[in-house]
Amino acid sequence: MNEADLHAYVDGQLSEERRAEVDAWLAGHAEDAARVHAYLAQNHALRRRYAGIAAEPLPPRLAQWLTPRPRRWLPFSSLGRIAASMALVGLGVLIGWQLAPEHTSPAPESDASLPRQAAVAHVVYSPDVRRPVEIGADQEEQLVTWLSKRIGTPVRPPRLGELGFELIGGRLLPGAQGPVAQFMYHDASGQRLTLYVSTENTANQETAFRFAQEGPVNVYYWIDGRFGYALSAGIEKERLARLAAAVHAQLTQQP
Amino acid sequence: MIEPRALATVLPSLRRYARALVGEPAAADDLVQDTLERAWTNAGRFRPDGDLRAWLFSIMHNLRIDGLRRAQPETLPIEELVTEPPQRAEQEDGLALRDLDAALACLPEEQRAVLLLVALEGLRYEEVAQVLRIPVGTVMSRLSRARERLRASLSEQDTPLSPTLRIVK
């Protein structure tokens, strides 16, 4: 018996045959058995302690590395870091804010996280000056093709010109179970609006419009079968409601 | 050439390892981001049939060493560094430490790295040796010391450390 084999036993790195030999040894050597037991307990404790992190959705500044892009489009160190710290400030505002009274009713798991995810994505990307979207409205067909392919179903940005908002473009974001699309719009004053389109809803129910106030961001959201939609902006509720109605009307006409 | 799908598989465990190694969430994510940036810069050097996870862990390790060297006076040999990241709580020597985080933080960095790569990330000893660019024997001795030290920290009473490798007949 040697020390290295005892560790290998703990870490499952022994052959079947050798494992059986160590088993037999430990049955007759209480002190070594106690150590092995302690080491196994440490392994379990470490995995339990840190399991959650691997299961968390990636923060945007890390998730963006997963979108296959030509290298020149990846943000470089200082810019990425500044955007990330801006995002963290925005997140701090969101997390510190109490939910408005309208949103006190408990909602199903997939439902409750949709406005929060959309609001976070809004806070992260809408302040961006240099690169708020990945593909711009000037290449709308390319945007539509790319997003539709990646989220697995046709998706087209609604037209909101009559209500004063023009499309800036769109990007792909990591959702809990797969990619989600985000379209960004702006009005003449520079106010930005984002539409978050997720195809990962598994609760298979429809909901009427719901309103959530996530800090400084108002969100109207609804679920339509597999799809979850959320419209986010820092504008007053009534104006957002009219925009949400327009979005809903156009999207339900899509095949 | 880094395949995005392969990166997506590896990225969560890279993040988890960084968090356990560094302790503070934002600093850990900074380390991951720095690792990804360096990986992209050197992406041409990565062979498609190579082990992406090991390669990324190795880049992270190098960055970590560089960062630690900058923070410490040069007279200390790197192996003797007992790093206490400021964000972790200080614990008095000799007290029973029931808190796993605190016990981990009290390990010298090079022992903590080996323990986490083995126990948390499930790397084989030979892989750890490659990632950290040390002989397998050194992996085993650091692993052994880390485990005994952790065992002492987490137990109800003081346990004398017996970290040396020995052959038992």
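Visitor: Which side chain meets that of R18(A) in a salt bridge?

Guide: This is a predicted model: local features need pLDDT of at least 70, side-chain atom pairs count only at pLDDT 80 or more, and totals for chains, interfaces and linings use all residues; side-chain values use heavy atoms, leaving out hydrogens and water. Residues are numbered from 1 along each chain as its sequence is written, while chains are lettered from A and ligands numbered from 1 in the order in which they are written. A salt bridge puts a side-chain nitrogen of Lys or Arg within 4 Å of a carboxyl oxygen of Asp or Glu. At 2.7 Å, N to O, the partner of R18(A) is D5(A).

Visitor: How far apart in sequence are the parts that this pair ties together?

Guide: Helices (H or I, at least four residues) and strands (E, at least two) are DSSP runs, numbered from the N terminus. R18(A) sits in α2 (residues 16-27) and D5(A) in α1 (residues 3-10) of chain A, so the parts tied together are apart by 13 residues.

Visitor: Is D5(A) buried or exposed?

Guide: Buried means under 20% relative accessible area, exposed over 50%, and partly exposed in between (1.4 Å probe, protein chains only). R18(A), at 21%, is partly exposed. D5(A) has 16%, so the class is buried.

Visitor: Which strands lie at the edges of the sheet in chain A?

Guide: Strands pair if DSSP finds at least two bridges between them. The open sheet has seven strands in the order β1-β2-β3-β4-β7-β6-β5, paired antiparallel. Pairing on one side only marks the edges, β1 (135-136) and β5 (210-214).

Visitor: What angle does α7(A) make with β2(A)?

Guide: Helix α7 (residues 140-151) packs on the sheet, touching β1, β2 and β3 (179-186) of chain A; contact means heavy atoms within 4.5 Å. Axes are lines fitted to C-alpha atoms, for helices over the stretch in contact, and angles run from 0 to 180 degrees between N-to-C directions. For α7(A) and β2(A) the result is about 25°.

Visitor: What span should α7(A) have?

Guide: The expected span is 1.5 Å times one less than the number of residues. The helix has twelve residues, and its end C-alpha atoms lie apart by a distance that agrees with the expected 16 Å.

Visitor: Which residue pairs with E141(A) in a salt bridge?

Guide: E141(A) lies within α7(A), as its helix spans residues 140-151. The N to O distance is 3.3 Å, and the partner is R156(A).
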